[in-house]
Amino acid sequence: MKSWLTTTDHKRIGLLYFFTAFAFFLIGGIEALVIRAQLAQPNGHLVTAETYNQLFTMHGTTMVFLALMPLSASFFNYIVPLQIGARDVAFPRLNAFSYWVFLLGGLFLNASWFVGPLFHAGVLNVAPDGGWFGYANLTERQFSPGPNIDFWLLGLQILGISSLAAGFNFIVTILNLRAPGMKMMRVPAFTWMTLVTQFLVITAFPVITVALVFLMFDRFFGTHFYVSQAGATPILWQHLFWLFGHPEVYILILPAMGIVSEVLPTFARKPLFGYTVVVYSGILIGFMGWGVWSHHMFSVGLGPIADSVFSATTMLIAVPTGVKIFNWIATLWGGDIRGTTALHFAVGFIAMFIIGGLSGVTHASPPADLQQTDTYYVVAHIHYVLFGGTIMGLFAGIYYWWPKMTGRLLSEALGKWHFWLQFVGMNLAFFPMHLIGLLGMPRRIYTYSPELGVSDLNLLSTIGAFLIALSIFVFVVNIVRTRRRGQQAGNDPWGGATLEWSISSPPPVYNFSVIPTVANRLPRWKTEHHEPMRDPPATPPAPIHVPGGSWWPMLAALGLPILALAPLTHTLWLAFVGVAVLLGGIYLWAFEPFEV
Amino acid sequence: MTHAAVAHSAAAHHTSLGLDNRKMAFWAFIGSECLLFTSLISTYLVYKGRSVVGPYPHEILNIPFTSVSTFDLLMSSLMMVLALAAVQRGDMKWGKIWLFCTALLGLVFLGGQVIEFTEFVHKGLTLQTNLFGCTFFVLTGTHGAHVTVGVLWLLTLWVRALQGKLTSANAMTVEITGLYWHFVDVVWIVIFTVVYLIQ
Amino acid sequence: MRKRFWVLTAALASSGCGGPFPQSALHPHSDFARASDVLFTDIFWWAAAVFVVVEALLVVALIRFRHREGRPAPTPTHGHTLMEIAWTLAPAVILVFVAVPTVRTIFATAGEAPADAVKVQVIGHQWWWEFKYPDLALTTANEMHVPVGKPVRVAITSADVIHSFWVPPLGGKRDAIPGQTNYIAFQAESVGDYSGQCAEFCGASHANMRLRVVVESDSEFGRWATVHLAGPAAPTPGTAAERGKAVFARSACIGCHTIQDVSPGVIGPNLTHVGGRTTIASGLFPNDSAHLARWIADAPSLKPGALMMRMQPPLTDADIAALVAYLQSLK
């Protein structure tokens with residue numbers, strides 16, 4: 001147990017991220033099921049308006065920050081060092097710190113569900129309720145007097161630190177810790193997409209931090225950053241939020257795109273078609289993603305020139321995105337495709353992302369978008385790209401790399417059930433939403449009138465949601481069953497081309513007994529240019545030093561929620577304690593003898 | 001924690017790009033901080049001239065006083081350069097002196113901020129007064145917090161030097177400290193220009 | 001796609017008066033809505049074509065190249081520059097066909113209207129809509145009347161948080177932002193009652209912030225305006241309505257509501273001609289005695305967060321009945 005609390009091993013941290021994120025995914029999923037149960041009929045009264053507003057806020061916030069990002073992070077952690085032939089990340093303790101901050105931030109945010117009585121309110125009363133996007137000026141103290149928004153803005157600031165720390169860590173790891181011979185254009189596509197993602201993280205998160213700090217100051221110290229009577233504008237929040245928010249959606253999708261770029265070649269037994277283009281389009285998307293933010297604001301009245309510019313940049317970014325899809329199809333074309341579960345999910349990603357991408361193109365046109373934005377049409381869009389896209393991509397990664405991480409294969413039979421239930425479920429849940437939105441149902445409403453004529457479609461959507469839940473249940477059964485009884489995977493159950501398949505499953509603590517020298521992009525395959533590499537020997541020629549664990553990352557991490565409690569509970573001395581714990585932890589960490 | 005400790009400088013490790021890991025991480029951090037300050041400065045600029053009530057910048061900002069503060073911070077960067085040079089050549093006597101001087105000038109800068117902010121409050125400009133108040137204080141306050149962290153960092157190094165635990169082998173640490181300190185200085189130049197000089 | 005056809009048919013069959021889909025964007029009834037619809041249809045068919053082609057390629061690839069015993073190892077193609085150029089340029093060209101009409105429509109629907117357009121000021125409140133007609137010196141709430149076939153210019157703002165004014169059959173939405181005014185210009189094409197709803201999350205009863213727009217002939221509109229400019233109908237002596245007016249005048253109602261010549265409150269909707277509206281509580285309920293009575297008795301239970309609190313001490317049933325009669329008399 002202690003070894004898990006003090007671990008600085010990227011593989012263990014990856015597993016910690018995975019299970020924690022998956023737990024939050026289940027929580028976010030339950031929130032979604034309650035939402036869908038409420039909306040199954042018009043004028044539903046399963047939950048009150050107040051509860052519903054907390055549910056959709058927490059669903060969005062949880063899924064984005066506590067499920068999707070950390071699930072991706074679990075792969076950054078476990079797989080990236082293996083793919084580049086490294087023994088660990090550049091800063092193992094910083095890595096541990098990122099994880100503990102994530103866990104504590106997630107707990108802080110979700111504690112709000114239960115601690116209502118501490119704030120003279122009921123249980124289920126003080127969870128964040130301003131939407132995951134928290135638009136000012138609804139979030140000002142005047143219109144949201146309770147602690148709900150405080151939980152939200154403080155929780156997000158804690159989580160931001162986790163992501164930033166990981167961002168710095170993985171940038172240095174990928175740029176600096178590559179095995180000899182692994183030039184950047186020999187780095188696997190997943191690691192490349194991870195690198196672009198981390199650059200987006202370290203540049204986008206400071207912007208939302210500033211937005212949240214302004215909100216915090218408005219709510220706690222009486223400033224007027226978003227108050228129109230003082231000459232300010234609530235639109236400033238939207239600009240800052242979406243300057244972060246749009247890169248954020250690329251942060252959410254690029255890792256999954258990277259996973260798909262690994263899974264397809266392995267199971268088609270063909271190299272990734274257009275690797276260079278796939279990499280460069282990822283980089284281009286990273287840059288261009290900064291130029292589209294106001295396409296979330298077409299109804300704000302920015303003026304026809306601004307609307308036209310952002311419409312154009314948004315359409316432009318569809319090009320590098322589309323290019324990837326064509327390259328993936330070309331990877332499959334002419335291949336020898338083995339229909340494993342991982343491949344099913346990777347193909348599912350492509351199929352669903354095409355739909356989500358195309359609905360995105362309809363959003364790119366402001367006059368059309370003005371009928372779509374803030375309705376169920378855009379809810380359809382986001383779920384096609386984030387569920388049909390990111391989540392399917394992540395499951396592809398799970399089925400692909402689970403054997404490497406645990407040494408056992410997941411059941412293919414159960415995996416196929418999982419896939420098809422999820423595929424059917426998600427289309428049933430989200431496709432009708434396109435129509436529901438166009439028929440006039442706005443989003444973020446706890447109930448709707450039967451007169452709208454969308455009752456049947458909503459019921460259909462709810463059934464789909466529960467089908468998704470069933471599929472996840474099947475997945476959980478799969479994990480539990482194969483834990484003890486799963487087939488042993490061996491080093492390389494799939495015939496992979498990249499370095500992680502050259503070592504045991506799970507890998508030894510030092511990863512590679514001998515750091516390989518890499519001569520090409522597909523080291524473990526035989527191609528027309530080269531023979532496959534020789535895998536590292538099972539045991540190292542000389543003992544390999546592996547750094548031990550450390551308590552200080554966790555201790556330092558603890559300082560953050562303590563600090564956050566200070567404004568939440570209006571207790572100044574807590575801030576000092578929090579800062580002291582943080583700085584103390586960092587001090588001990590900085591001067592601890594720790595050799596990588 | 002359970003292994004024989006060798007204070008083995010990470011700089012001796014081979015890296016793919018030849019750059020020390022910590023230095024690279026720090027440059028990434030500086031890149032991130034640039035976005036932070038850009039957001040704060042942009043907000044200041046967007047809200048410039050939109051305060052509904054005074055006091056207004058031209059009534060309150062004391063350019064001569066702040067110019068001296070700015071000069072002080074610039075000089076502290078010079079001290080930092082000298083500190084690094086001393087540590088790199090193993091001259092810990094001067095290393096300690098210059099580190100301390102850097103921290104001292106940083107403290108003087110902070111003292112100047114305290115005086116300035118107190119003055120503003122007396123003249124009726126607080127966080128809550130108007131848009132100039134909130135954007136100004138949050139921007140310069142964030143910068144001041146960064147300076148404070150820097151001063152603590154420098155003093156920590158200075159104490160370790162006094163204890164004989166800082167040597168030329170730690171030059172990379174001092175270099176990174178310098179990177180931070182110079183960055184904080186550059187940010188101040190930008191703030192001084194945007195807020196004080198261009199009105 | 002079949003669903004959309006069915007929807008369109010059904011909608012066409014019931015054109016004008018709400019029909020089975022009273023808040024549908026797919027059935028435009030104004031020039032603004034039509035411009036958006038034309039553009040959307042255009043993009044939709046491009047998207048549908050791309051969808052069919054690309055998904056087909058995917059499916060064909062999966063079927064044609066699935067693993068079969070004895071199949072030789074695939075040729076390890078790494079790329080093909082010409083194909084990359086082709087599938088980069090083709091989407092870009094298609095997007096040009098989308099972008100050009102888009103920009104044209106953006107400018108055409110930017111909220112400009114001729115000087116003689118009917119002007120309506122929309123002020124969003126938590127959780128109801130205030131409508132002022134500056135040229136007519138008229139204030140009402142939750143139900144907007146406009147003449148058919150004439151240009152209308154709506155100036156939208158908010159008194160508190162950000163809302164969004166959206167009546168789908170008449171066009172796209174624009175946000176109601178405190179401290180800012182946004183404009184929609186439209187010309188309704190057919191007479192009818194159109195439903196709309198707030199489309200920006202604005203707190204507890206965002207779901208309940210609905211509105212109606214009544215598009216009527218020029219003469220009907222003139223009649224409506226004239227009635228609204230006149231003071232409230234005086235209740236017939238000896239009726240419940242007269243008793244209701246007395247109850248109103250001595251209750252907290254006067255602090256929030258305006259009834260011309262009776263009360264000056266501006267926190268809640270103007271009730272001078274509330275009797276003539278088809279709905280109450282911002283589009284939530286039909287304007288009948290039962291609903292009015294329940295609303296007056298306990299508005300927050302029907303509309304979470306509503307600022308119209310229960311009276312303390314609570315009104316008696318008799319008082320409520322009298323109030324209902326009075327309000328219904330205010331046509």
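Visitor: Where do I start with this one? How many residue pairs are in polar contact across the interface of chain A and chain C?

Guide: The rule finds 21 such pairs there, counting those where both residues have pLDDT 80 or more. Keep in mind that this is a predicted model.

Visitor: Which elements of chain A give two or more residues to the side that touches chain C?

Guide: They are helix 3 (49-83), helix 7 (235-268), helix 8 (275-288), helix 9 (304-332), helix 10 (341-363), helix 11 (366-372) and helix 13 (412-438) of chain A. Look at helix 9 of chain A in particular: with 15 residues, it makes the largest share of the side facing chain C. If you sort that side of chain A by class, you get 52 nonpolar, 25 polar and 12 charged residues.

Visitor: And how many salt bridges does the rule find between chain A and chain C?

Guide: Just 1 salt bridge turns up across that interface. Arg212(C) forms it with Glu451(A), and their closest N and O atoms are 3.5 Å apart.

Visitor: How do people put a number on the size of an interface?

Guide: Often by the accessible area that is lost when the parts come together. Chain A and chain C bury about 7,200 Å² between them, with 69% of it on carbon and sulfur atoms. On the chain A side, Phe326(A), Trp333(A) and Gln371(A) lose the most area to chain C, and together they make up 9% of what that side buries. You can also count residues: 89 of chain A are in contact with 83 of chain C.

Visitor: Let's try the same with chain B. How much area is buried between chain A and chain B?

Guide: About 3,300 Å², and carbon and sulfur atoms give 68% of that. Phe168(A), Asn176(A) and Glu595(A) supply 17% of the area that chain A buries here, more than any other three residues. In residue terms, 43 residues of chain A are in contact with 36 of chain B.

Visitor: How many salt bridges and polar contacts go with that?

Guide: The rule finds 0 salt bridges between chain A and chain B, while 11 residue pairs are in polar contact, both residues being at pLDDT 80 or more. Helix 5 (148-176), helix 6 (189-221) and helix 7 of chain A each bring at least two residues to the side that touches chain B. Helix 6 of chain A gives the largest share, 9 residues. By class, that side of chain A splits into 27 nonpolar, 13 polar and 3 charged residues.

Visitor: Now for strands. What should I know about side chains in a strand?

Guide: In a regular strand they alternate between the two faces of the sheet. Take strand 2 (residues 128-133) of chain C: 5 of its 6 residues are buried, so the strand is largely enclosed by the rest of the structure.

Visitor: Which strands pair with strand 2 of chain C?

Guide: Strand 1 (residues 118-125) of chain C pairs with strand 2 in the antiparallel sense over 5 bridges. The two form a hairpin with 2 residues between them, and Gly124(C) stands opposite Trp129(C). Strand 3 (residues 138-141) of chain C also runs antiparallel to strand 2, joined by 4 bridges. There, Lys132(C) stands opposite Thr139(C). The hairpin of strands 2 and 3 of chain C has 4 residues between the strands, and Ala137(C) takes a positive phi near 50 degrees in it.

Visitor: What sign does phi have in most residues other than glycine, and are most peptide bonds cis or trans?

Guide: Phi is mostly negative in those residues, and most peptide bonds are trans. Now see some cases that go the other way. Arg444(A), in the loop between helix 13 and helix 14 of chain A, has a positive phi near 65 degrees. Asp261(C) has a positive phi too, about 70 degrees, and lies in the loop between strand 11 (258-259) and strand 12 (263-264) of chain C.

Visitor: Are Arg444(A) and Asp261(C) buried or exposed?

Guide: Arg444(A) counts as buried because its relative accessibility is 11%, under the 20% cut-off. Asp261(C) is exposed, at 73%.

Visitor: Where are the cis bonds?

Guide: One joins Ala136(A) and Asn137(A), with omega about 0 degrees. Another runs from Ser505(A) to Pro506(A), with omega near -10 degrees. Pro506(A) lies in the loop between helix 14 and helix 15 of chain A.

Methods: Residues are numbered from 1 along each chain as its sequence is written. Chains are lettered from A and ligands numbered from 1 in the order in which they are written. Side-chain values use heavy atoms; hydrogens and water are left out. Buried means under 20% relative accessible area, exposed over 50%, partly exposed in between (1.4 Å probe, protein chains only). Two strands pair if DSSP finds at least two bridges between them. Contact means heavy atoms within 4.5 Å. Buried area is the accessible area (1.4 Å probe) that two parts lose on being put together, summed over both. A salt bridge is a side-chain nitrogen of Lys or Arg within 4 Å of a carboxyl oxygen of Asp or Glu. A polar contact is a pair of N or O atoms within 3.5 Å; within protein, one must be able to donate a hydrogen and the other to accept it, and residues adjacent in sequence count only if both atoms are side-chain atoms. Ala, Val, Leu, Ile, Met, Phe, Trp, Tyr, Cys and Pro count as nonpolar, Asp, Glu, Lys and Arg as charged, and the others, Gly among them, as polar.
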